[in-house]
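Subject: Structure for your review

Dear colleague,

Please find below the structure that I am handing over to you. I would be grateful if you read my notes with the model open beside them.

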Amino acid sequence: MLPAALRERACRVTLLVLDVDGVMTDGSLHFGPEGEELKTFHVHDGLGIQLLHLAEVRSAVISGKTSAALEHRLDALGIARRHLGRSDKLPVYHSMLRELGLQDESVAYVGDDLPDVPVMRRVGLPIAVANAHSSAKAVARWVTTRAGGRGAVREVAEALLEAKGVLAQAQARYLNDRGG
């Protein structure tokens with residue numbers, strides 16, 4: 001459970017923005033025989049994103065890299081708002097806020113390294129994964145207990161939904177949608 005000050009911030013979140021490498025993945029780089037980039041994603045993180053969507057919390061990705069594997073995973077998760085191959089993340093973030101009509105206070109961002117810091121300094125709830133670089137941890141209001149690519153996104157999703165008082169409803173809706 002989040003401390004009271006973080007619960008207040010979490011209650012205001014309507015958009016969760018994620019970095020990819022080091023957050024949705026463990027940060028390892030794997031290449032196939034033709035030089036194609038391969039990525040490993042944790043299934044628990046994917047379910048966490050689905051629960052957020054069921055509770056009408058939007059998600060987005062801003063990543064410095066792009067790959068076919070990443071595009072495929074984002075499609076599978078229903079993350080339509082994606083900005084890939086963007087190393088300068090702050091202008092992308094500002095553009096997204098204008099487009100969605102949101103304020104910084106309604107956004108949480110999960111990062112792991114120096115390129116994430118400018119956005120983390122702006123959002124209402126900056127979050128670093130457990131294995132993040134010290135630069136990201138220094139600006140985070142919350143550091144997850146789980147590492148990037150190892151369930152940190154699920155931890156964040158459930159904490160946000162719990163703070164909003166809708167975790168059980170999102171889980172029930174997930175089960176009901178699948179005949180459970």
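The notes below take up the sheet, the salt bridges, the nonpolar core and one helix pair in turn.

Please bear in mind throughout that this is a predicted model.

The sheet

Six strands form an open sheet with parallel pairing, and their order is 5-4-1-6-7-8. Strand 5 (81-83) and strand 8 (142-143) are the edge strands, each of which pairs on one side only. Within the sheet, strand 6 (residues 107-111) runs parallel to strand 7 (residues 125-128), and four bridges join the two. If you wish to locate this pairing on screen, Val110 has Ile127 in strand 7 as its bridge partner. Helix 4 (residues 89-100) packs on the sheet, where it touches strand 1 (15-18), strand 4 (58-62), strand 5 and strand 6. The direction of helix 4 makes about 155° with that of strand 4.

The salt bridges

The count of salt bridges comes to 10. Three of the pairs are described here.

One of them is formed by Asp21 and Lys39, whose closest N and O atoms are 2.6 Å apart. This pair links distant parts of the chain, 18 residues apart: Asp21 belongs to the loop between strand 1 and strand 2 (30-31), and Lys39 to the loop between strand 3 (37-38) and helix 2 (43-54). Asp21 counts as buried because its relative accessibility is 16%, under the 20% cut-off. Lys39 is likewise counted as buried, at 14% relative accessibility.

A salt bridge also brings together the side chains of Lys89 and Asp116, at 2.7 Å from N to O. Since Lys89 lies in helix 4 and Asp116 in the loop between strand 6 and helix 5 (117-120), the pair ties together parts that are 27 residues apart in sequence. Both Lys89 and Asp116 are buried.

The third pair to mention is Glu158 and Arg154, whose side chains meet in a salt bridge of 2.8 Å, N to O. These two residues are four apart in helix 7 (residues 152-164), so about one helical turn separates Glu158 from Arg154. What is the burial state of each partner, Glu158 and Arg154? Glu158 counts as partly exposed, with 24% relative accessibility, whereas Arg154 is buried, with a relative accessible area of 18%.

Salt bridges that share partners also make a network, which joins Asp19, Lys89 and Asp116.

The nonpolar core

The largest nonpolar core has 55 residues, and among these Leu18 and Met24 touch the most other members. Helix 7 gives the most to this core, contributing eight residues. Leaving aside residues up to four places away in sequence, Met24 has contacts that include Leu18, Phe41, Ile49, Val61, Leu74, Leu77 and Val153. Met24 also touches Asp19, a member of the salt-bridge network described above.

Helix 7 and helix 8

The axes of helix 7 and helix 8 (residues 167-177) come within 7 Å and cross at roughly 120°. Helix 7 makes the contact through Glu158, Leu161 and Glu162, and helix 8 through Leu167, Ala170 and Gln171. By class, the residues of this contact are three nonpolar, one polar and two charged. Glu158 therefore appears in two settings: the salt bridge with Arg154 and the contact with helix 8, in which Glu158 is one of the residues from helix 7.

With kind regards

Technical notes. Residues are numbered from 1 along each chain as its sequence is written. This is a predicted model: local features need pLDDT of at least 70, side-chain atom pairs count only at pLDDT 80 or more; totals for chains, interfaces and linings use all residues. Side-chain values use heavy atoms; hydrogens and water are left out. Two strands pair if DSSP finds at least two bridges between them. Contact means heavy atoms within 4.5 Å. Axes are lines fitted to C-alpha atoms, for helices over the stretch in contact, and angles run from 0 to 180 degrees between N-to-C directions. A salt bridge is a side-chain nitrogen of Lys or Arg within 4 Å of a carboxyl oxygen of Asp or Glu. Buried means under 20% relative accessible area, exposed over 50%, partly exposed in between (1.4 Å probe, protein chains only). A nonpolar core is a set of buried Ala, Val, Leu, Ile, Met, Phe, Trp, Tyr and Cys residues joined through side-chain atoms within 4.5 Å. Ala, Val, Leu, Ile, Met, Phe, Trp, Tyr, Cys and Pro count as nonpolar, Asp, Glu, Lys and Arg as charged, and the others, Gly among them, as polar.
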